[in-house]
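Let's take a friendly walk through this model together. Have the viewer open, and follow the chain as we go.

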Amino acid sequence: TLNEDYSVVAKSAGVNIAAGAESVLNLNGHRFVNENGYTEFKAALQVKGTLTINGEGTVSCEGSDSKANNAIYVETGGHLIINGGYYYVGKAASGKSNSTIFVQSNGKPSLVEINDGVFEAEVGSDGTPFVLNQADDLTVNCFSAKGGIFIGFNPADVNENKGAITSFVADGYRSVETTYNGKQAWKVEEIPAVTTQEDFNSAITSASTNTPATVKLASNVTMTLDNGIANEGDKSRNITFVGDGTQTFDVITNTETAEGGQLNYQRGSSFTFKNMSIKAGEGNFDGVVCNELAFENCTITGKLTLYGKATFVNCVFENTMANQYSIWTWGGTDVKLEGCTFNTNGKAVLLYGRATAENPTNLVVNKCIFNDRNNGTAGKAAIEIGNDYNATYSLTVKDCIVNGFAAGKNTDSKLWANKNSMDAEHLSVTIDGTKVL
């Protein structure tokens, strides 16, 4: 607990919170600063262990004598929790902007949780205030903002790692433009949860056409995606639906009977579903017709036929149907299954459709588990590949586990089957780094 202002000793790179240490800093209305530090690099705090910062006060790194400044530098699996205070960094000696909080990880991801506080970086000659920043080689999001005010910086609109990470705002929260001491700023706040179908539909239709939006669902509700609500042109949307695991999202009930199935037309839209159960169809062509679907930590019942790009991460497919697949790629383009579990009666994934050489279906399956309750009596491999339309596919599989299922036609593999004897001109298959076709 600070009882007076504290300045890091001269020529120091900052106070170090060592790996394995757990520390709590109460600012108590005072300043914790580094003004005369090391000329190559300096910060007020370097976090390799766990540091929680409470109370009002200031943490800053000022002065332009150093090549690089950070108010707080987090690295090597460090864990930083901020519950209040004002955080500021000055520009570098070169005149370029520095980062208020910078994450540098040497093989072990770090985590920065922001619940409150005000964050600001002096704008340098490059004109960009790097308020929250992480090393370009990091492919995971190291920030989780659930509160705070960010001056001149929108934490929901970042472009880390060439687009791999676009937001530092936690699921279920949003960034709202505001002002702070006359300066443009963004405030992170919790998204109000929708509780009724009417409010849910309104949240979709009132979202901007060109700006990604998030809709948070109240616990234990069931919501229906109504056919055509975000279909084509000015009605199309880019929306993330967030739950806590207790919600059911029904994509099949309010659909249109067309093209041999029950179709939910949302052309031009992209939807992401997180932490909920998805009620899908049971027919061969039942699915959502849109640009892109993404599912994270969802339980999916029924069958999804794909009509665009699709990604499934850490999902469970609970398939109790006697004679039906969980996924049919049909109109899918780039399809990825990552860390998913299929609980089936012997039919899991069907790679089959009208894909062409110009627009092939590319299926990537990583670290998935395929379970067959009937131990192969359905006569199918985990991933069946079929072709009636001179189609072109690629299949890449890595680190998958198959329990049950039958030896695939033309492959003798329980993992995949080439039931129509597709040749190498139309089908490319790579298993665990080895090209087998």
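**A strand on the inside**

Start at strand 19 (residues 238-242): 4 of its 5 residues are buried, so the strand is largely enclosed by the rest of the structure. Buried here means under 20% relative accessible area, with a 1.4 Å probe and protein chains only. Strands are DSSP runs of E with at least two residues, helices are runs of H or I with at least four, and both are numbered from the N terminus.

Before going further, note that this is a predicted model: local features need pLDDT of at least 70, side-chain atom pairs count only at pLDDT 80 or more, and totals for chains, interfaces and linings use all residues. Residues are numbered from 1 along each chain as its sequence is written, and side-chain values use heavy atoms, with hydrogens and water left out.

What does strand 19 pair with? Strand 17 (residues 213-216) runs parallel to strand 19 and is joined to it by 4 bridges, with Lys 216 opposite Val 242. Strand 23 (residues 270-274) is also parallel to strand 19, through 5 bridges, and here Asn 238 faces Ser 270. Two strands pair if DSSP finds at least two bridges between them.

Further along the chain, an open sheet of 5 strands has the order 28-31-34-37-40, with parallel pairing. Its edges are strand 28 (304-305) and strand 40 (416-418), each pairing on one side only. Strand 37 (residues 383-385) meets strand 40 in the parallel sense over 3 bridges, and Ile 383 stands opposite Trp 416 there.

Ile 383 turns up again in the largest nonpolar core: of its 70 residues, Phe 312, Phe 370 and Ile 383 touch the most other members. Strand 34 (residues 349-353) gives this core its largest share, 4 residues. Apart from it lies another core, of 46 residues, including Leu 2 and Phe 119. Such a core is a set of buried Ala, Val, Leu, Ile, Met, Phe, Trp, Tyr and Cys residues joined through side-chain atoms within 4.5 Å. Leaving aside residues up to four places away in sequence, Phe 370 touches Phe 342, Val 365, Ile 383 and Leu 415, among others; a contact means heavy atoms within 4.5 Å.

Now zoom out. The chain has 1 helix and 42 strands, and 53% of its 437 residues count as buried. Along its principal axes the C-alpha trace spans about 75 × 50 × 40 Å. Among contacts with a separation of 6 or more, 68% come from residues 24 or more positions apart.

Technical notes. Buried < 20%, exposed > 50% of the residue type's maximum accessible area, 1.4 Å probe, protein only.
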